[in-house]
Structure formats: structure tokens, C-alpha cells
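Student: Could we walk through this model together, one question at a time?

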Amino acid sequence: MRTDRNLDHTRNIGILAHVDAGKTTTTERILFATGATYKQGEVHDGTTVTDFDAQERNRGITIFAAAVSVTWDGHRLNLIDTPGHVDFADEVERSLRVLDGAVAVFDGVAGVEPQSESVWRQADRYGVPRIAFVNKLDRTGADLDAAVASIRDRLHTTPLVVQRPIGREDGFRGVVDLVGMRALTWSAQGRADEDATGHPAAVAARRDLEERVAELHTGALEEFVDTGRLSDTRLRTALRELTLAGTAVVVLCGSAYRDKGIEPLLDAVVAYLPSPADVPAVRGEWDGTVQERPADPDAPFAALVFKVHAAPTGRLTYLRVYSGTIGKGAVVTDAGTRRTERVSRILHVQADRHTELDHAAAGDIVAVVGLKHARTGATLCAPGAPLVLEPPSAVTPVVSVAVEARTRTDTDRLAGALARLVEEDPSLVVRSDPETGQTVLSGMGELHLEVAVEKIRQTHHGLEVNVGRPQVAYRETVVRGVTGLLYRHVKQEGGAGQYAHVLIDVAPSDEDFGFASTVVGGRVPKEYVRAVEAGCRDALTTGPIAGHPVTGVRVTLTDGATHSKDSSELAFRTAGRLALQQALRESETVLLEPVVEATVTVPEDVVGGVLGDLAARRGRVTGSTVRGGTVVVTATVPLAELFGYATRLRSRTQGRGTFTTRPTGYQPVPSGVSV
């Protein structure tokens, strides 16, 4: 619960990283260091606070974003531990939408890994300031300088290293804080803190940091030119301002598992990452007018739903409160649906444990009970001050499986279970295949779907589910379009008729769908132009090759004709749909398949066989790096070819090989490849 109403003393941050970089361990050490837990949780023991779901503990990975709150140096830190696996990137997306800052955790051996890069780009989209924590410096092969170089080269940012390690690998003992010029070491007896101003290496590193900061910050440059150095106060101020502006990223280091570097990391969160008062007022829209809401407890209430969870104690709706204050029993409006609901309880969240609150105010992240209809991405606001905030970006599923209840009597139970699943995880999509009548569940990958099906089995005891083979989500696109396609839609069968003539051009496009009108002289009224666009969007759901959705198309409405009585928006929407369907049949189209960048880490003695296996899967190797006795291979591979690859890789490498993937888009299916 809140101990301070000063927004300057609040931090809403996320822990971001590639899978196995140490996010959850870092979070657990933060909980222990701040006194939120009395015992350190371990991922390998299944005793962590944030990985509380049974599947997370069994698999040893984070699947669901978990929120916790701690207090450090008089500041309230609301932390969200996010998943690192690519299949759960949508959980990261929804979390980043409501965060003010983030800690990016990197493996001290591997540096920037594929999913590190993906979550960094996600944070870029939302303008979330970050600091970096290079973890696992106690491991063999750990190298801070190499990790920092990968941050600079792969993430295209300017790293500012504010700590240097003391000792290497097994001999790693602590860090030199270059800002405070203190040597911090940890041992079984506790932490030791010594002056570092007499160490030449530390002095040289501090000088290098001052020069780099002066190059980026005007105020620091002026002081550096005047005095030849930067004071500690000026350096801290400049580092904070550069972080908030996204100009640079502060880099710290340590070993979360060995509990080395956590307290300085917490100090850096407080010193460099923004409070709710530091970020711009949130912007929303209502009736076409853009409005701003400041982070003020006295302003009209506005909050964004970023997660829904069907807990055993009831439906929990997770909110980031951007403005105003809400109390128990308050009535709120879902601005998107204009539905009014009542908040019965407000909960302070500690992963799967909750404490009841009387109210929540601007800057808070809380869960509420009592909302029956609000979905992820919904804006909740005061009934008299409506506003719609931008929801998290939607994702498109790439893998599907057919699911069915093992017995007919359980069909309705399965339908209810799937509906609840989609409510909690919007990146899952359920549809009925019109040809086979099967229920199809679509998600972001094999693991994503495995977790979803297993959750159904866990939460609905006795419900047995049959699952089909995974299928990738293909797309169709235009490589050569048509011009001047005329479509006449005329229908007269009793009652009001339908009349719409449209003339369209169809061409390839870099965007998913583009639409423009060059009609002049009012030959097609604006409302009918919008109807034609809607009809074209309807036509994109089914392509001419194999019925897959169509992407990469631009349609231009060049002319048309209306009838004084029989023309309507419905007629022009129908004409737009049928015209584009005909145009697609006459265009040259190709089938597209999803492609991923696979990063495969294997021992040197088996790399030849692994490369051959990737080639057999239509993979194109784009690079390889030797790290100690292992080789890291990157390759572009069609997603359909990677089903079952984890088992194959383990078999080929006697369990020593690992791989991760990152979506890179779609590419044409080669001729001769059956799908």
C-alpha cells in the first residue's frame, strides 16, 4: 500500500530481458533487498514470488507478467516482471504500455540476445526510458566490455557505463561505482564500502565517463570546459536527463544470483528512471477531440486496463491509474463501450498475494474486483469526464491448432474455457473453421499454445482436450496488380434496390493495407467512399490462392457512379468487397509464410550436423560466433519448419543445444514447397 502521496517518490518500472538472462532472479533479489520477502526465492527451486503459476515453476520460465511493489530509500517502486520468451511478447507489450521506465537485464556472457533486441524495440515504440543491468558477471566467459559493445552495436544506443567490475568470472567480488567513486564488494560477511579515488583504473574510467557525458549534455559540457571535470551532482543530473530523454542508457553490472550489485541497481532506479510526474500528461481522445490528463490525484479519473486475470478469488482487472483518484464502491465508465460498472474492491498486488486498499490515485498500479465486462486495453474513466486512451498494440497470431473436447458432453465446457482464456490473453484467437467445423486456437507459437491448452486442463478439472498438429498462419499478397477494374453492383428484388458502380486500381504496398480515393466532382460522396474502404477490408479476409488473409495491398478508388434512390452505404460496401475480390483474382498473387530468426547455441563438435539440419529446414545461415567451446549460429528459417525442432536439437546435441527465435516477418513460399 502507498506510504507517500508524492508522485516524485513513485517509480513504475518493468524488468525486461531475453529468456534466462536473469530477470526473475533479479526481481527476487530486489524483493529480498527491500525487505518485501524474508527468504530469497530461486527459479530452479520453484520458490519465486513472481513466477507463481504452476506452469512457470515447472518450466522454469516467466509466462505471465507479475506485479509487485517494494519500498527503497523512501520511494515506492511498482515492478512488473515480464516474460522473456518470444511466444509471450504480448505480455511485455501490454506491460510496457503502462510503465514509466524499465530495467533491461543482459547476460554478461551472451550480451544482447534476440529477444533482448525485440523487447528493446517494444520499449522504443512507447518511449520508455531504460537503464541496463549486465548480469551474471560471475560466469565463465562473462565480459562487461563485450556486453556493452553489443548494446551499442545491436540496440543503436549510447551506453554510459557507471560501474566497473571488481574481479572476473569466479573471482567477481563487486563493482566500482564511478559516480560516487566507491568500491563496493560483497562477501559472506556482508557488503564493504571503500573509497576508490586512489585507484588509477577507477579514476581513468571516471574520466572517460565524464567525457562521454559532456559530449551528450550541454550543461555538463559547459562545466567540463570551465573546470576540466564534472562534479558528482552535475554528473548525476546529466545522467538522469540523458536517460529521460532516451539519448543514452546508464549501464550497471553485477550478479543477481550471487546477490552482488542489487542495492546499487535500486539506487539507480530511484536516481535515473522517471516518476509519474516526469512523464508527459497522458493523451486520449473523445468525440474527435484530443485531451490531456495530468498525473494529478485531483484531476478527473482515467485509467487503462492492461491485464485481466480470472483468479480463484474472482475476476481481477489490473489498472494503471493515470489521473484522478478512485475509491471502493466507485462507479466508472468503460469509455470504449460506454458501459458503467462498479468497483467493489481495490487491491495492492504482490504477485499472487493481495492487500485491500481504500483507494488508488494517479501513478498507482493496482487490481480491482467487481468489473465484469472491461477488457484488456479498455479505458476506465469518471462518468462525467469520458476519454479513450491508446490501447496496447494488437499482435497477429502466427500458429494455430484445432482443439476439441474429448467427449461431446464437454463441448460447452470447452467453449467457456476458451472464452475465458481469450479474455485473459488477447494474443490468443479462437475461431471456427467454416470448412471443417473445427474450433481453431491461434497464438504466437508452439509454447504459447501448449501453455494455453495446459491451463485449460489445470483450471477445468476433468475437461479432456484433443489437440491437432500446429499449423502456421499463411498470408497472401499481390505482386502485380490491376488498373481500371470496373465493378457494377445492381440489385433489384422487391423493396429498395442496391446500386453502386466503382472503378478501382490495385497495387502492391509495403503496408498491410492502404486505401485512397482520387474521385473528383463528387461522383462518389464521402460516406460512400468510406463504405468502399470498409468493403475492401472485408475482402482481405479471404485470398484467391488458398483462402488465407491478404496483406500488402493498396486500393485506389478512381471513379464511380450512384443512383438517386438505390445507392446506399451498404450497396457501396458490397461493391467494394466484390470489386476487390475480383481484382485479386485477376492480379498476380503469391503465398507468404511467417519467417523467424533462429539463434542456435551448440557445442563446436556438433555444429556441422546442426548447420546441415537447418539447411534441410530451408534455413539460411546469416552468421555465427564462437564463444568459448560453443558456437552461436543465427539463421532465417520458415516457422513451419521449426515444429518439433527443440526435440530434434536436444537429440542431436545430447541435450547441450538450445535455440530461440524472433519473428522477422513474411516471405514468399518457394515454388514446389507444399503447404
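**Sheets, helices and their contacts**

Tutor: Happily! Let's begin with one pair: in β11, the bridge partner of valine 134 is cysteine 253. The model is predicted, so local features need pLDDT of at least 70 and side-chain atom pairs count only at pLDDT 80 or more, while totals for chains, interfaces and linings use all residues. Residues are numbered from 1 along each chain as its sequence is written, and side-chain values use heavy atoms, with hydrogens and water left out.

Student: In which sense do β5 and β11 pair?

Tutor: Two strands count as paired if DSSP finds at least two bridges between them. β5 and β11 have four bridges. Their sense is parallel.

Student: How many helices and strands does the protein have?

Tutor: Both are DSSP runs numbered from the N terminus: helices are H or I over at least four residues, strands are E over at least two. On that basis, the protein comes to 15 helices and 39 strands.

Student: Which strands stand at the edges of the open sheet with the order β2-β3-β1-β4-β5-β11-β6?

Tutor: This sheet has seven strands with mixed pairing. An edge strand here has a single partner, so one side of it is left without a neighbour in the sheet. The strands in that position are β2 (66–72) and β6 (159–161).

Student: What is the average twist from one strand to the next in that sheet?

Tutor: Axes are lines fitted to C-alpha atoms, for helices over the stretch in contact, and angles run from 0 to 180 degrees between N-to-C directions. From one strand to the next, the twist averages 30°.

Student: What angle does the direction of α9 make with that of β5?

Tutor: α9 packs on this sheet, touching β1, β2, β3 (75–81), β4, β5 and β11, where contact means heavy atoms within 4.5 Å. Helix α4 (residues 114–126) also packs on the sheet, and its direction makes about 145° with that of β1. For α9 and β5, the angle is about 170°.

Student: Which strands does α9 lie across in the open sheet of four strands?

Tutor: That sheet has the order β7-β8-β9-β10, with antiparallel pairing. Its edges are β7 (163–166) and β10 (190–195), each with a single partner strand, so one side of each lacks a neighbour in the sheet. Helix α9 (residues 262–272) runs at about 135° to β9 (182–187), and the strands it lies across are β7, β9 and β10.

Student: Which residue stands opposite glutamine 163?

Tutor: Four bridges join β7 to β8 (residues 174–177), and these strands run antiparallel. Opposite glutamine 163, in β8, stands aspartate 177.

Student: How are α1 and α9 oriented to each other?

Tutor: The axes of α1 (residues 23–33) and α9 come within 10 Å and cross at roughly 85°. Angles under 35 degrees count as roughly parallel, over 145 as roughly antiparallel, 65 to 115 as roughly perpendicular and the rest as oblique. α1 and α9 are therefore roughly perpendicular.

Student: Which residues of α9 make the contact with α1?

Tutor: From α1, the contact uses Thr26, Arg29, Ile30 and Ala33. From α9, the residues are Ile262, Leu265 and Leu266.

Student: What is the handedness of the crossing of α12 and α13?

Tutor: Helix α12 (residues 526–539) and helix α13 (residues 569–586) pack at about 40°, with axes 7 Å apart, and that makes α12 oblique to α13. A crossing is left-handed if the near helix is turned anticlockwise from the far one by less than a right angle, and right-handed if clockwise. The crossing of α12 and α13 is right-handed.

Student: How are α14 and α15 oriented?

Tutor: The axes of α14 (residues 607–616) and α15 (residues 645–652) come within 10 Å and cross at roughly 155°. That makes α14 and α15 roughly antiparallel.

Student: Where is lysine 136, with its positive phi near 60°?

Tutor: The phi of lysine 136 is positive in a residue other than glycine. Its place is in the loop between β5 (130–135) and α5 (144–155).

Student: Where is aspartate 259 found?

Tutor: Aspartate 259 has a positive phi of about 65° although it is not a glycine. It is found in the loop between β11 (249–253) and α9.
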